[in-house]
Every structure is written in C-alpha cells, then in structure tokens.
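Here is a short tour for anyone meeting this structure for the first time. Have the view open and follow along.

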Amino acid sequence: MRTLTTGFALLLAALGASASEIHPPAQATAGTAITIATSGSGSASFYLIGPASASKRQVQAGSDISVDSEQLEHAGRYTAILCASDGCASASFVVNPAAPNRLSFLVHPSRVPVDSPNRISAVAFVFDNFHNLVLQPESVTFSILPKDGKEVSARRNSENGVAWVRLSSARKEGATRLGTAIGHANEIRVVQQVAADACNLRIRASRTKRDLLVETDPVRDCSGNSVPDGTVVSFTKVDGAGKTTVDVPIKRGVAKVEMPVEGRARITVASGVVTGNELEVAGAQ
Amino acid sequence: MRDTAARYSSLAILSIAFVCGILVRDFRAAAAAEPPRVELNADNIGPRPLEDLTSKSVPRDYAFAWQTMEQALEENRPGLLEAYFTGLAKQDLIQRVNSQIKSGLHTHYEDRGHKLEALFYSPAGDAIQLRDRAQLDVQVLDGGKVIYDEPMTLQYVVIMTPGADRWLVREMQTTTGEKP
C-alpha cells in the first residue's frame with residue numbers, strides 16, 4: 001500500500017512539473033514591443049536571436065517576457081529560446097517592416113545630353129523608419145522639377161521594395177531636379193542636361209595675310225543649345241600638298257583654324273559623328 | 001593472456017575512434033572552407049538583362065558572402081564581414097556578432113545550398129535584387145552547450161551592389177517565405 005501511495009505521489013509530481021514552453025506571437029511589426037508567454041517554473045535563461053542581435057537574460061519560467069521595441073527594429077526572423085532545468089524550448093517569429101517612410105534614390109547619369117529619350121533612369125528603394133526594405137507594394141511618386149517649368153510627376157507601384165522609371169531629358173540645357181516621394185519622405189537629385197551633338201555644322205573661310213582662316217558658325221545642337229567649349233571640331237583639308245586634319249576645341253562657341261593652302265583645296269568639318277558643309281577654295285598662288 | 005588481448009582490443013578500438021573523430025572534424029573544417037552551393041536563375045530579371053560576366057560573378061560573390069558570414073558568426077570575428085558586405089547589411093551583421101560576443105553565444109551553420117532568383121537589375125547596372133531560398137541547419141551554442149538546433153528553409157531578399165572588384169551584399173532581409 002505504501003509503495004502504491006509513493007508511486008502515485010511521484011506520478012502526480014511528474015505531471016505537475018510540465019516542461020517549459022515559449023509562445024511568441026507569430027508576427028510582429030518592426031519597432032513595436034511584444035510580450036512572450038512562457039510556461040514552466042523556476043529560473044530560466046531567455047535568448048533572443050535576431051538579424052542584428054543575440055541577447056541572453058535570466059527570467060522566471062512561467063511568467064511573461066517583455067521584449068522592448070529597440071530589440072525588434074530589424075525586420076526578419078527571430079528565434080526565442082527558453083532554457084530551464086528541464087531543457088530548452090524554442091519558437092520562431094517574423095518581424096515585418098513598419099510603414100514606409102524612407103527612400104534610397106539612385107539616378108543615372110548625372111550629366112545627360114538634351115532631348116535624349118529614356119536616357120535617365122531613376123530607381124527608388126522603399127524603407128521603413130528602421131531601414132527595413134518594405135516588400136509590400138507601395139505607391140511611389142517620381143517628379144521632374146525643372147528650373148523654369150511646370151513640375152511633372154508620375155506614380156509607380158513598388159515591387160519587392162523597388163520602384164523605377166525611365167525619363168527623357170528636356171530640350172533645353174541646364175540643371176533639372178528629379179524627386180521621389182513616399183509618405184513623409186522625399187529625396188531630390190540634380191541632373192545636368194548638356195547640349196547634345198552639334199547640328200547643322202557650318203564653316204566659312206576668309207583670307208589672312210599668308211593663310212586661310214577657316215571658322216565655324218556658333219556651334220549648336222539641334223535644339224539650339226550651345227555645344228560646350230572644349231568640344232573638339234576636326235577640320236580636314238585636301239590640297240596639292242596632301243591631306244591634313246586639325247583638331248580644334250570650341251572656344252566661346254566657335255572653332256577656328258588658320259591653314260596654308262597650295263592650289264585648289266577642299267575643306268571639310270566634323271564634330272563627333274556629325275559632318276558639316278564642304279568648302280572649295282583656291283590657294284594664294 | 002585473454003586479459004592482455006582484451007586490453008589491446010580496447011586500445012585499438014579507442015585509437016580507431018580517436019582517428020575517426022579527427023577525420024570527421026577535419027572533414028567538417030574542409031567543408032566549411034568551401035563556399036556554399038549557389039544556383040542563380042535570371043530568367044525573369046528586368047529591366048536590364050544580366051551580362052554573362054555578371055551572371056557568374058553575382059552567385060560566386062554571394063557564396064563567398066555566406067561563407068564569410070557563417071564563419072564570422074561561428075567564430076565571432078566581425079572583421080570577416082568586411083570583404084563581401086557593405087552598408088546596412090554589414091552594420092547589422094557586425095552588431096549581431098558583437099552581441100554574440102557579449103552574450104557568450106555562437107551560431108553554427110550547415111549550409112545545404114542556395115537557390116537565387118534574380119528579381120531586378122537596375123537600368124544603370126548599379127544594383128541587383130535577388131530572392132534566395134536557403135537550406136540551412138542552424139545551431140546556437142551558449143559556450144559549448146547547444147541551446148537550439150533546427151533544419152530550416154529560409155527566404156531572403158537581397159540587394160547587391162558592385163564594388164571595386166566584386167559584388168557586395170548591401171541588404172539582406174529574411175521574409176516570411178511568401179511572395180509579397
């Protein structure tokens with residue numbers, strides 16, 4: 001009878017001393033505190049392993065464990081582990097990004113020729129306040145803010161945290177601002193629009209004391225923007241002495257060169273892939 | 001006579017077990033010295049198509065990134081993260097290693113491979129976004145005691161950007177596994 005009573009008491013004790021368990025919420029939001037329920041009894045070690053942290057502290061098994069918002073700022077998978085005298089129990093949960101409130105904005109190139117269709121690319125990465133990539137689709141606004149023109153904007157939905165758009169440069173040279181915005185966040189980048197290749201390149205010739213002065217009209221692109229000084233213009237002369245090419249940078253909007261000419265000569269001009277008019281001239285002799 | 005034979009047999013068994021132990025340890029160390037297997041699928045990438053060279057260098061550098069991360073988390077050496085991580089990804093992982101050091105923890109990975117799907121390649125070629133389906137066995141150790149041991153399949157969203165001579169992991173975030 002005594003043995004039976006002892007056995008029954010041991011069975012009751014074993015049933016009463018249940019193993020420790022840990023029950024975090026399945027999902028949480030970045031930067032929001034949570035409470036993790038536990039079962040069991042006695043002193044235990046609580047571990048929280050996250051994307052950017054691994055902490056350990058002593059807790060009482062069976063009581064609720066508070067996890068501060070600062071410990072849950074990084075989105076991703078977290079593992080909560082409770083180790084008591086009867087072993088370790090663990091459970092994982094996911095911390096989702098908070099509302100979108102930051103943007104990372106990439107614009108290329110920083111200098112672009114005018115009137116170039118789809119030459120500018122603008123990419124926005126959508127983040128929350130804690131720099132977590134917000135993967136849910138969000139509406140992102142892209143804007144072009146010209147210096148002296150009307151703002152143009154377009155909306156794109158982000159996909160996996162990324163929204164992007166291709167833009168064409170304006171017909172007029174100068175700096176233009178490109179912006180992107182979501183919630184309270186906005187980012188601005190400046191793109192310099194420069195003149196495109198020369199257009200309608202024309203030369204004229206006049207006599208100097210000894211040589212022939214060949215000079216271009218003011219060099220402009222097809223939209224009428226001045227091609228920047230320093231752009232190289234090539235003058236080619238074919239005469240009795242043979243073929244000669246001289247590369248001259250544009251200065252104050254024009255390029256000019258003095259060339260000796262023997263007999264009849266043909267002079268052509270080019271800048272990059274653009275060719276201009278031809279001149280037929282007679283030499284001094 | 002029989003006692004001597006039994007003693008020699010025990011010694012032989014112990015010696016074999018010891019050698020096997022060393023071989024297993026060395027084999028595991030050698031395995032860790034190899035970067036994990038990474039397969040890249042770039043069939044659905046856009047808007048820019050992936051260049052041949054980039055399609056080789058991205059999975060190669062991603063594999064090296066995982067190798068160095070696993071080593072850094074196992075040996076608690078934040079310096080290893082300098083080679084293949086940058087930006088927030090590097091900052092977060094360094095923070096993780098430092099907190100492991102503070103708490104006396106280590107994380108051991110058995111990496112069973114990664115299936116990468118290229119999602120987005122920026123028009124200027126300055127950022128690539130990938131989804132990784134990683135198969136891992138993860139152990140967390142407090143000192144020498146294993147407190148957590150679980151095989152798992154995790155899904156990551158990764159952003160890599162080009163560095164001087166390699167692609168670097170700039171952002172790495174675990175997702176629920178569901179396509180958002």
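## A buried aromatic pair

Trp66(B) and Tyr156(B) are both buried. This is a predicted model, and in it the two rings have their centres 5.4 Å apart. Their planes sit at 75°, over the 60 degrees that counts as edge-to-face, so that is what we call this pair.

Where do the two partners come from? Trp66(B) belongs to helix 2 (residues 52–75) of chain B, while Tyr156(B) belongs to strand 4 (residues 145–162) of chain B, so the pair ties together parts that are 90 residues apart in sequence.

There's a third member to look for: Tyr109(B) forms one aromatic cluster with Trp66(B) and Tyr156(B). Over all chains, the count of aromatic pairs comes to 7.

## The rest of chain B

Stepping back, chain B has 3 helices and 5 strands. Start at the N terminus and the elements run α-β-α-α-β-β-β-β.

Of the 180 residues in chain B, 44% are buried. Take the contacts in chain B between residues at least 6 apart in sequence: 60% of them join residues at least 24 apart. As for the outside, chain B exposes about 9,500 Å², with carbon and sulfur atoms supplying 55% of that area.

Another ring worth finding is Tyr84(B). The charged end of Arg166(B) sits over this ring, 4.6 Å from its centre.

## Asp211 in chain A

Now hop over to chain A. Asp211(A) is in the loop that links strand 18 (203–207) and strand 19 (212–216). Which side chain of opposite charge is nearest to Asp211(A)? That would be Arg210(A), but it is 5.2 Å away. A salt bridge needs the two charged groups within 4 Å, so Asp211(A) has no salt bridge, even though this residue is buried.

Leave out the neighbours within four places in sequence, and Asp211(A) is in contact with Ser206(A), Glu258(A), Met259(A) and Pro260(A).

## Cys199 in chain A

Last stop: Cys199(A), which you'll find in strand 17 (residues 198–199) of chain A. Is Cys199(A) buried or exposed? Its relative accessible area is 18%, and the cut-off is under 20%, so Cys199(A) counts as buried.

Not counting residues up to four places away in sequence, Cys199(A) touches Arg220(A), Asp221(A) and Cys222(A). For a sense of scale, try Leu72(A), which is 127 residues from Cys199(A) along the chain: the C-alpha atoms of these two residues are separated by 60 Å.

Notes: Residues numbered from 1 in each chain as written. Chains lettered and ligands numbered in written order. Predicted model: local features only at pLDDT ≥ 70, side-chain atom pairs only at ≥ 80, totals over all residues. Heavy atoms only, no water. Helix = DSSP H or I, 4+ residues; strand = E, 2+ residues; numbered from the N terminus. Buried < 20%, exposed > 50% of the residue type's maximum accessible area, 1.4 Å probe, protein only. Lys, Arg positive; Asp, Glu negative; His and termini not counted. Contact = heavy atoms within 4.5 Å. Phe/Tyr/Trp six-rings, centres within 6.5 Å; stacked < 30°, edge-to-face > 60°. Lys NZ or Arg CZ within 6 Å of the ring centre and 35° of its normal. Areas by Shrake-Rupley, 256 points an atom, 1.4 Å probe, with all protein chains shown as cover.
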